[in-house]
Amino acid sequence: MNEKRLVEKLKRKDKEAFEELYNQYAPKIYVTLKKYVDLSEIEDALQEVFFKIFKGIHTFRGDSKLSTWIYQITINVGKDYIRKKKKNVVENIDLTENYTEGIGIQPEADVNVSNEVLDEMEMDKITKIMEKLSEEDRILIKLRDIDGLSYDEIAEKLNKPLGSVKSRLHYARKKFQKLLKEENLA
């Protein structure tokens, strides 16, 4: 079934269309979610993605490919799980007030605060380095290396020829690598 017809059937809440959508996209969504979600929660996240697709299909206008729209939903769900995880780390801090033993605020044993702080500082440096790149270079690196879009999806999204996208991304990565080396981060 072609994409346009599939979308039409999905908008009519056709059960077979949703089964086809699930069979076609579940493996891709699963692989993407693995980058964001713990394996223990991945099935819940997968269900959440399909629930959002089901609830939001009527808003899909066809400005992009269905796969791109689904990918964006998947990324958003993944980022939501990361935010929930960070929030839970903060909520799990034991605020005991046993000052006689010098305990004060203690993080959970599985949270290595110094590593998290160092990671955060390094991310700040990387973000500042990214700001030194041109806007086009930043966008290309973000779409490909952070969001994980394919070259074809990037070309479609930016309305640029595929060859130009590959070439520009290659040079953007070289510039970024050079900046990282200058800051001793690579």
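Of the 186 residues in the protein, 30% are buried, in a model that is predicted. The protein contains 8 helices and 0 strands, and from the N terminus on its elements run α-α-α-α-α-α-α-α. The protein exposes about 12,800 Å², and carbon and sulfur atoms supply 51% of that area. Among the contacts with a separation of 6 or more, 56% are accounted for by residues 24 or more positions apart.

**Helices α1 and α2, and the loop between them**

- Helix α1, which covers residues 3-11, packs with α2 at an angle of about 125 degrees, and the axes of the two helices are 9 Å apart; this angle makes α1 oblique to α2, because it falls outside the ranges that count as roughly parallel, roughly antiparallel or roughly perpendicular.
- On the α1 side the contact is formed by Leu6, Lys9 and Leu10, which meet Ala17, Phe18, Glu20, Leu21 and Gln24 in α2; sorted by character, the residues of this contact divide into 5 nonpolar, 1 polar and 2 charged.
- Glu20, one of the α2 residues in that contact, is found in the helix that spans residues 15-33, and with a relative accessible area of 25% Glu20 is partly exposed.
- Glu20 and Leu6 are 14 residues apart along the chain, while their C-alpha atoms are separated by 8.5 Å.
- Lys13 lies in the loop between α1 and α2, where its phi is positive, at about 65 degrees, although Lys13 is not a glycine; with a relative accessible area of 41%, Lys13 is partly exposed.

**Thr74 in helix α4**

- Thr74 lies in helix α4, which runs over residues 66-91, and its relative accessible area is 1%, so Thr74 is buried, the cut-off for that class being under 20%.
- The side chain of Thr74 reaches the backbone oxygen of Ile70, at 2.9 Å.
- When the neighbours within four places in sequence are left aside, the residues in contact with Thr74 are Ile29, Thr32, Leu33 and Val49.

**Helices α7 and α8, and the loop between them**

- Helix α7, made of residues 151-158, and helix α8, made of residues 162-182, have axes that come within 9 Å and cross at roughly 105 degrees; α7 is therefore roughly perpendicular to α8, since angles of 65 to 115 degrees count as such.
- In this contact Tyr151, Asp152, Ile154 and Ala155 are the residues in α7, and they meet Leu162, Val165, Lys166, Leu169 and Arg173 in α8; the residues of the contact divide into 6 nonpolar, no polar and 3 charged.
- Asn159 lies in the loop between α7 and α8, and although Asn159 is not a glycine, it has a positive phi of about 55 degrees.
- Asn159 is exposed, with a relative accessible area of 72%, whereas Lys13, in the loop between α1 and α2, is partly exposed.

Methods
Residues numbered from 1 in each chain as written. Predicted model: local features only at pLDDT ≥ 70, side-chain atom pairs only at ≥ 80, totals over all residues. Heavy atoms only, no water. Axes fitted to C-alpha atoms, helices over the stretch in contact; angles between N-to-C directions. Helix = DSSP H or I, 4+ residues; strand = E, 2+ residues; numbered from the N terminus. Parallel < 35°, antiparallel > 145°, perpendicular 65-115°, else oblique. Contact = heavy atoms within 4.5 Å. Nonpolar A, V, L, I, M, F, W, Y, C, P; charged D, E, K, R; others polar. Buried < 20%, exposed > 50% of the residue type's maximum accessible area, 1.4 Å probe, protein only. Areas by Shrake-Rupley, 256 points an atom, 1.4 Å probe, with all protein chains shown as cover. Polar contact = N/O pair within 3.5 Å; in protein donor to acceptor, adjacent residues only side chain to side chain.
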